[in-house]
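Thanks, everyone, for making the time this morning. I would like to walk through one model, beginning with a helix and its surroundings and ending with the way the domains meet.

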Amino acid sequence: MDEEVPYISISDVTFHYGSAAPVLQNISVQFGQSSTTVLTGANGAGKSTLLKLLLGLLSPQQGKIHVAGKITKGRALHELAGDIAVSLQSAEHQIFSPTVRKEISFGPTNLAKVNADYLVADAMEMFSLSEYAERHPYDLHAAQRKLITLASAVAMDTPFLVFDEPTVGLSMPEKNIFAKALSLLRKRGKGYILVTHDAAYGFQHCDRILILRDGRCVVDGSLSHFLIRPDASAAMKNAKAQLPVSSRLSRLFGQRPVATTVRDFVPFLKEKANDY
Ligand SMILES: Nc1ncnc2c1ncn2[C@@H]1O[C@H](COP(=O)(O)OP(=O)(O)OP(=O)(O)O)[C@@H](O)[C@H]1O
Ligand SMILES: [Mg+2]
């Protein structure tokens, strides 16, 4: 799809659970098909609720949501699942199949993908799960089960994916596996939203940042522009997050574009040191 035409369009959306106060208020954001966005905000800011609205699991009381050019209201969930795949925050508790392969096959099989076997094998490979294909998911440790849920979303081969807190419970080896998977998804032209409190991780894998605060969108723009804003640190603190250390140091030393990793910052620092 043309990058100019948004793949996801959220227009003036307000949502509240029952008669409670609104959890999201007047949200208007758009996402291009290949866009990569880190979505952050304090606990309770409304991040997971926003994702559930995108997936049609919840309906807004006000405003409209379009996914792949179609309004989500009234669309069957299994139909929407072909346009946008998700790994939910508590997805691990939703694992129900007797083998890793069957669990990851569930999505592509239900979407009647003709190449389902290939998609499942590819996703298992991406997440280093191939050797456990015939094992029961609960024979694997918790971090690997989290990888199963991420692989299940990827295997659906949708143009766009959303990952809600994908790195919670992952140690460094699994985080690296997911990092490689994200790079590959980008190469394949997939778009995604990464919900995370781990800014250092999110910044490495996304071009755009969205911050929710008390149900309102307070930051929405390119990550590189955000990082040169004087109030970037304050905006992150208000979201109960922190700029990555490498970005803070990079800003302090006036590096442009601002680094998001130590790997990007250190060569600049060495160069600077040569001046002294
Ligand atoms: N099913 C529900 N019924 C009533 N209120 C809910 C429900 N789910 C979430 N909420 C409330 O809506 C608000 C937003 O919750 P949400 O889960 O979207 O936040 P979040 O930004 O994802 O937080 P976290 O970082 O903790 O995952 C919170 O005040 C939460 O208590
Ligand atoms: Mg959440």
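Before I turn to the helix, let me fix one term: a residue counts as buried if 20 or more other C-beta atoms, placed from the backbone, lie within 10 Å of its own. Please also keep in mind that what you see here is a predicted model.

With that cut-off, helix H1, which spans residues 47–54, comes out as mostly covered, since six of its eight residues are buried. The buried ones are Lys47, Ser48, Leu50, Leu51, Leu53 and Leu54. Just after H1, glycine 56 adopts a positive phi of about 80°.

Now to ligand 1, whose surroundings include Lys47, Ser48 and Thr49, together with Gly41, Asn43, Gly44, Ala45 and Gly46, and also Tyr17, Val23 and Gln89. By residue class, this shell is made up of seven polar, three nonpolar and one charged residue.

Stepping back to the whole chain, the protein is divided into domain 1, covering 1–83 + 158–234, domain 2, covering 96–157, and domain 3, covering 244–276. Taken over C-alpha atoms, the centres of domain 1 and domain 2 are separated by 23 Å, and the contact takes 15 residues from domain 1 and 14 residues from domain 2.

Which elements give two or more residues to the side of domain 1 that touches domain 2? They are strand S7, at 160–164, and helix H6, at 172–187, and of these H6 gives the most, with five residues. The residues of that side of domain 1 divide into nine nonpolar, five polar and one charged.

Key: Residues numbered from 1 in each chain as written. Chains lettered and ligands numbered in written order. Predicted model: local features only at pLDDT ≥ 70, side-chain atom pairs only at ≥ 80, totals over all residues. Near = placed C-beta within 6 Å. Nonpolar A, V, L, I, M, F, W, Y, C, P; charged D, E, K, R; others polar. Buried ≥ 20, exposed ≤ 12 C-beta atoms within 10 Å, placed from the backbone. Helix = DSSP H or I, 4+ residues; strand = E, 2+ residues; numbered from the N terminus. Domains from an automatic or database assignment. Contact = placed C-beta atoms within 7 Å.
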